[in-house]
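Here are my notes on this one, written so you can follow along on screen. Have the sequence and the model open while you read.

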Amino acid sequence: MGLRRLSVALGIGLAVCVHAAAAQDRELSGDFPEVYRAGGMNAPEWAFFEGPSRAGFDGAGNLHVLDTSAGRVVVLDSEGGLVSIIGRQGQGPGEFNRPMDLAVWRDGRFAVFNLGHTAYQLFTPDGEFERLVRIGAGQGPGAMFGAMRLGIKPDPLGNALVAQGAPAVMNRMGSLFGEMLGDTQDSGDAGVDDRGLERLTLDGDLVSSTPILQGWRVPQEEVADDLSVEDLTNPSAMMGMLSNEPFFEPGFHWDMLPDGTIAYSDSSAFAIKLADADGHVTDVLTHPFSPEAVTEGIREGMIAHALRELEEQSEDPQFAEVSAMAAAVMPGMMAAMREATENRDFLDEVPVVRGVRTTWDGGLWIQRRGEDPWDDDGPIDIFDANREYVGTFAAAAPGMPAAFGPDGMVLYWETDELDVPSIVVKRLPTEVR
């Protein structure tokens with residue numbers, strides 16, 4: 001049995017109904033009217049954002065933007081006016097120490113994941129600091145690594161978050177860094193890995209974690225447990241740990257519907273699984289697109305693309321600064337990264353799905369691969385709240401929103417010729433909300 005067939009069989013065997021979509025794309029117009037924009041070269045100080053960052057709407061249409069560089073949350077009303085600036089850099093109540101992520105509930109409450117505190121900070125709809133919920137008892141490197149999650153979303157069913165875990169290797173690295181720095185505190189329960197979701201309940205002083213579901217992944221050799229402190233300065237060992245996934249492993253893409261249903265994709269096929277709050281798959285949404293077989297030409301093109309990206313990153317000033325610090329500790333890191341890229345394994349099919357998002361009204365936007373196998377910005381298929389196929393936006397027109405809000409409001413980030421970012425809020429037509 002091929003890898004794709006195995007992944008689909010394991011993932012959708014419990015599905016009770018499969019919706020087949022239209023056999024041909026129905027093209028939709030991506031020309032949405034603009035509601036407001038904020039930012040850009042001549043923006044007021046509060047609208048200078050370092051780059052695209054986490055953001056979310058509440059039920060009143062207020063947009064909350066996490067400004068990670070300034071350590072604050074900026075709130076805009078439904079017309080783009082400044083409502084409030086919440087928080088600042090610091091260690092005190094309601095202050096931020098390396099804020100990393102943001103989740104906004106429909107009633108206006110919001111939570112900020114604060115790495116420096118290894119905690120979630122909760123705020124009222126008025127922006128008042130409510131309380132801090134720690135992820136664990138520790139505060140050292142191990143605790144910080146153990147607290148990492150790849151993404152959080154507000155649970156519409158209660159005072160909780162739904163979170164995607166981080167790679168298992170992150171917890172092991174945290175323990176090793178703690179050992180190297182003399183921090184003997186345990187990193188705590190890392191929860192699910194990066195192919196799984198968990199519910200983080202925020203009712204107490206400490207986060208309570210409950211696994212929800214685990215997505216399919218390619219069976220692979222576990223290397224993290226064999227690592228030692230000495231390996232932290234060994235480029236080959238580090239890259240063997242960090243580059244353990246093959247090219248074209250299906251991504252794990254997910255989002256939450258308003259009723260608490262989880263929509264996710266974990267296979268090469270177009271098969272969007274719909275799971276209840278406990279993670280049980282109740283439905284699967286399909287579309288007639290088959291994965292492309294990986295040829296020798298695709299392998300060569302993928303490696304060349306990955307090497308180009310690596311070179312482009314090395315020329316970025318911020319990456320160069322980090323790379324220089326890493327090189328001081330670990331000479332040969334860039335060479336090891338190139339070698340690991342050239343020697344990575346491949347799966348035998350190119351995944352179709354590259355993104356899953358849910359709209360405010362319960363629709364689904366599913367992004368497919370682009371023309372090149374490594375292009376994630378392909379066409380977007382739209383399904384309404386009844387799981388009926390509506391149509392397809394062409395690639396790059398308009399692209400996937402960064403956030404969906406009420407009354408068809410959606411957030412996009414744009415950058416000018418000098419790479420200065422702006423917030424652009426548009427309004428969707430009724431049929432694609």
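1. Helices (H or I, at least four residues) and strands (E, at least two) are DSSP runs, numbered from the N terminus. By that count, the protein chain has seven helices and 28 strands. This is a predicted model, where local features need pLDDT of at least 70 and side-chain atom pairs count only at pLDDT 80 or more, while totals for chains, interfaces and linings use all residues. Residues are numbered from 1 along each chain as its sequence is written.

2. Of the 433 residues in the protein chain, 52% are buried (under 20% relative accessible area, 1.4 Å probe, protein chains only).

3. Now look for the open sheet of five strands, ordered β2-β25-β24-β23-β22 with mixed pairing. Strands count as paired if DSSP finds at least two bridges between them. β2 (27-28) and β22 (353-358) are the edges: each has a single partner strand, so one side of each has no neighbour in the sheet. Inside the sheet, β24 (residues 380-383) and β25 (residues 389-393) run antiparallel, joined by four bridges. I380 sits opposite F393 in β25.

4. Next, the largest nonpolar core (buried Ala, Val, Leu, Ile, Met, Phe, Trp, Tyr and Cys residues joined through side-chain atoms within 4.5 Å). It has 19 residues, and F57, L63, L411, I423 and V425 touch the most other members. β27 gives the largest share, three residues.

5. Which residues does V425 touch, leaving out those up to four places away in sequence? They are E34, V35, Y36, F57, L63, M409, V410 and L411, where a contact means heavy atoms within 4.5 Å.

Terms used
Heavy atoms only, no water. Buried < 20%, exposed > 50% of the residue type's maximum accessible area, 1.4 Å probe, protein only.
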